[in-house]
Amino acid sequence: MNQTQGIDRASLLSEANGMIAEHELAFPGLTATDVEQNGDVLVFRGDYFLDEQGLPTARSTQVFNVFKFLATTLSARYHLEE
């Protein structure tokens, strides 16, 4: 079984936002504002840059891909401590 290290929400978000800043798909305003534990997966949340009708834009796809990268990378290392 894969062991992960416990981490508090603020520290995890700080690390995640540091990773976002260095990600090739990053753009100004893209930040993770919340995270929750869903089973073994960390789910990141933030602005998805929807249009006026609430539909996805090209930036929404970038956000999804970056948050997926964070979930994959950080879930392998950490779990949230409540």
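Is Ser 11 buried, partly exposed or exposed, and what is its relative accessible area? In this predicted model, Ser 11 is found in helix α1, and the residue is partly exposed, with a relative accessible area of 35%. Measured against the cut-offs, this value falls in the partly exposed class because buried means under 20% relative accessible area and exposed means over 50%. The C-alpha atom of Ser 11 is separated by 13 Å from that of Glu 36, a residue that lies 25 places away along the chain.The overall fold comprises two helices and four strands, and these elements follow one another along the sequence in the pattern β-α-β-β-α-β. The radius of gyration of the protein is 13 Å, close to the 12 Å that the globule rule gives for 82 residues, so the protein is as compact as a globular protein of that length. Taken along the principal axes, the box filled by the C-alpha atoms has dimensions of roughly 40 × 25 × 20 Å. Among contacts between residues at least 6 apart in sequence, 60% join residues at least 24 apart.

With regard to the surface, 29% of the 82 residues count as buried, while the protein exposes about 5,200 Å², of which carbon and sulfur atoms supply 52%. The protein carries 5 positive and 12 negative side chains, and the centres of these two sets lie 3 Å apart.

Strands β2 and β3 form a hairpin. Strand β2, residues 34–38, runs antiparallel to strand β3, residues 41–45, and five bridges join the two. Along this pairing, Val 35 stands opposite Phe 44 in β3, and Glu 36 stands opposite Val 43 in β3. The hairpin has two residues between its strands, and Gly 39 takes a positive phi near 65 degrees there.

In a regular strand the side chains alternate between the two faces of the sheet. Strand β3 has a covered face, made up of Leu 42 and Phe 44, and an uncovered face, made up of Val 41, Val 43 and Arg 45. Arg 45, which is found in strand β3, is partly exposed, because its relative accessible area of 35% lies between the cut-offs of 20% and 50%. When neighbours within four places in sequence are left aside, Arg 45 is in contact with Thr 31, Ala 32, Thr 33, Asp 34, Glu 36 and Phe 67. Between Arg 45 and Gly 29, which are 16 residues apart in sequence, the distance from C-alpha to C-alpha is 13 Å.

Beyond the hairpin, Phe 49 lies in the loop between β3 and helix α2, which spans residues 58–75. Although Phe 49 is not a glycine, this residue has a positive phi of about 55 degrees.

Two buried residues, one in a loop and one in a helix, were also examined. His 23 lies in the loop between helix α1, residues 9–22, and strand β2, and His 23 counts as buried because its relative accessibility is 18%, under the 20% cut-off. Apart from neighbours within four places in sequence, His 23 is in contact with Val 66 and Phe 69.

Ser 75 is found in helix α2, and with a relative accessible area of 12% Ser 75 is buried. Once neighbours within four places in sequence are set aside, the residues in contact with Ser 75 are Thr 4, Asp 40, Val 41, Leu 42 and Leu 70. Val 41 and Leu 42, both among these contacts of Ser 75, belong to β3, where Val 41 is on the uncovered face and Leu 42 is on the covered one. The C-alpha atoms of Ser 75 and Gly 18 are separated by 16 Å, and the two residues are 57 apart along the chain.

Conventions
Residues are numbered from 1 along each chain as its sequence is written. This is a predicted model: local features need pLDDT of at least 70, side-chain atom pairs count only at pLDDT 80 or more; totals for chains, interfaces and linings use all residues. Side-chain values use heavy atoms; hydrogens and water are left out. Two strands pair if DSSP finds at least two bridges between them. Buried means under 20% relative accessible area, exposed over 50%, partly exposed in between (1.4 Å probe, protein chains only). Contact means heavy atoms within 4.5 Å. The radius of gyration is taken over C-alpha atoms; the globule rule is 2.2 Å times the number of residues to the power 0.38. Accessible areas come from the Shrake-Rupley method with a 1.4 Å probe; for residues, only the protein chains shown count as cover. Lys and Arg count as positive and Asp and Glu as negative; His and the chain ends are not counted. The place of a charge is taken as NZ of Lys, CZ of Arg, CG of Asp or CD of Glu.
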